[in-house]
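This report describes the fold of one protein chain, from its overall dimensions to its cores, strands and local backbone features. The sequence and the structure are shown first.

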Amino acid sequence: MPHRPITVSGVEVTPLCDAVGPMGAAIRRPLAEMFPGSGLQDEQWVLHFHCYLIRDAAGRLTLVDTGIGGADSPAASWAPVPGTLAGELAAAGVAPAEIGTVVLTHLHSDHASGVVTDGRPAFENARYVLQQAELDAARGPVLDRLVTPIKGQLHAVDGDAEVSPGVHVRLAPGHTPGHQIARVGEVAMTGDLVLHPVQLDDPAIRYVYDDDQETAARTRAEVLSALRAERAILATAHFGEPFLRLQESSRHDV
């Protein structure tokens, strides 16, 4: 485990590093094309694929996102499969059967492919929490290979909700129709609300793979403004360092 947990309000949040690597050629573009108007130079963008384990004072376990999955997962065409989530959980002293709640920020393959192992739910005793809008939009391999095997354990929410004691989700659409972030205390696990640090400096910078770039930019600006006002801690999916405390008086600080 390359990253250390933090404790907020008696709740331990542990970053789990599922993988590190660049996008595969199937979807890779120059950074200036992926983030139009950013002024980023054309250099290799190395992504970190973070999931988060939440352990509350009563020992209840919640997992936020499930990573890129196995060698034959839907993410295999572009992500550095297989992911190492199972090993990261083991290093944290947790067996998959102990997870009570799995929050999926959205159904993109690098966040959701780990929901299944050999076609069966990887977390046999968990509720899988998704926004109803995300379920409604599911199609193709994501629906067939990821959603259908867990349909008996799905827990759909519509908007903001408390999904386990002290763990809240908030609808944050744009990247996908039902993209959501998860909150515990001052920590916000932001999924793909922010893909690259340049979007912290300017939330209006769009990302080419957002489903609705205009909505995503508006959501990003609104959510980051609110989080910055409370000096919240971002727990990001793809930055090198998982935790980043926002400062109200400056754009961003670690």
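A residue is called buried here when its relative accessible area is under 20%, exposed when that area is over 50%, and partly exposed in between. By this criterion, buried residues make up 52% of the 254 residues in the protein. The structure is a predicted model. Its mean pLDDT is 95, and 97% of the residues reach 70 or more. In the stretch 250-254, however, the pLDDT is below 50, although the model gives these residues 14 contacts beyond near neighbours in sequence. Where pLDDT is low, the predicted coordinates should not be read in detail.

**Overall architecture**

The protein contains 7 helices and 15 strands. Its radius of gyration is 17 Å, close to the 18 Å given by the globule rule for 254 residues, so the protein is as compact as a globular protein of that length. The C-alpha trace spans about 45 × 40 × 35 Å along the principal axes. Among contacts with a separation of 6 or more, 66% are made by residues 24 or more positions apart. The accessible surface comes to about 10600 Å², and carbon and sulfur atoms account for 49% of it.

**Nonpolar cores**

In soluble globular proteins, nonpolar side chains tend to be buried together. In this model the largest nonpolar core has 26 residues, and those with the most contacts inside it are Leu53, Leu63, Ile99, Val102 and Phe123. At least two residues of this core come from each of strand S3 (46-55), strand S4 (61-64), helix H2 (85-91), strand S8 (127-131) and helix H5 (140-147). Another core, of 19 residues, lies apart from the largest one and includes Ile54, Val169, Val184 and Met189.

Ile99 illustrates how the largest core is assembled from distant parts of the chain. Leaving aside neighbours within four places in sequence, Ile99 is in contact with Leu53, Leu61, Leu63, Val94, Phe123, Asn125 and Ala126. The next residue to consider is Gly100, which is placed in the loop between H2 and strand S5. Gly100 is partly exposed, with a relative accessible area of 29%. Outside the same sequence window, the contacts of Gly100 are with Leu61, Asn125, Ala126 and Arg127. The C-alpha atoms of Gly100 and Leu63 are separated by 8.2 Å, and the two residues are 37 residues apart along the chain.

**Strand pairing**

Strand S3 has 8 of its 10 residues buried, so it is largely enclosed by the rest of the structure. Strand S8 is likewise mostly covered, with 4 of its 5 residues buried. The pairings of these two strands are listed below.

| Strand pair | Sense | Bridges |
|---|---|---|
| S2 (residues 11-22) and S3 | antiparallel | 10 bridges |
| S3 and S4 | antiparallel | 4 bridges |
| S5 (residues 101-103) and S8 | parallel | 3 bridges |
| S8 and S9 (residues 154-157) | parallel | 4 bridges |

Individual bridges fix the register of these pairings. Arg55 in S3 is the bridge partner of Glu12, and Arg55 is also paired with Leu61 in S4. For S8, Arg127 is the bridge partner of Thr101, while Gln131 stands opposite Val157 in S9. In the hairpin of S3 and S4, 5 residues lie between the strands, and Gly59 takes a positive phi near 85°.

**Local backbone features**

Two residues that are not glycine deserve inspection for their backbone angles. Ser9 has a positive phi of about 50° and lies in the loop between strand S1 (6-8) and S2. Ser9 is exposed, with a relative accessible area of 71%. Asp118 has a positive phi of about 55°, and its place is in the loop between strand S6 (116-117) and strand S7 (120-121). Asp118 is exposed as well, at a relative accessible area of 78%.

A further feature concerns a peptide bond. Val81 and Pro82 are joined by a cis peptide bond, with omega about -5°. Pro82 is found in the loop between S4 and H2, two elements that each supply at least two residues of the largest core.

Definitions and conventions. Residues numbered from 1 in each chain as written. Predicted model: local features only at pLDDT ≥ 70, side-chain atom pairs only at ≥ 80, totals over all residues. Heavy atoms only, no water. Core = buried A, V, L, I, M, F, W, Y, C linked by side-chain atoms within 4.5 Å. Buried < 20%, exposed > 50% of the residue type's maximum accessible area, 1.4 Å probe, protein only. Contact = heavy atoms within 4.5 Å. Pairing = 2+ DSSP bridges. Rg over C-alpha atoms; globule rule 2.2 N^0.38 Å. Areas by Shrake-Rupley, 256 points an atom, 1.4 Å probe, with all protein chains shown as cover. pLDDT = per-residue confidence, 0-100.
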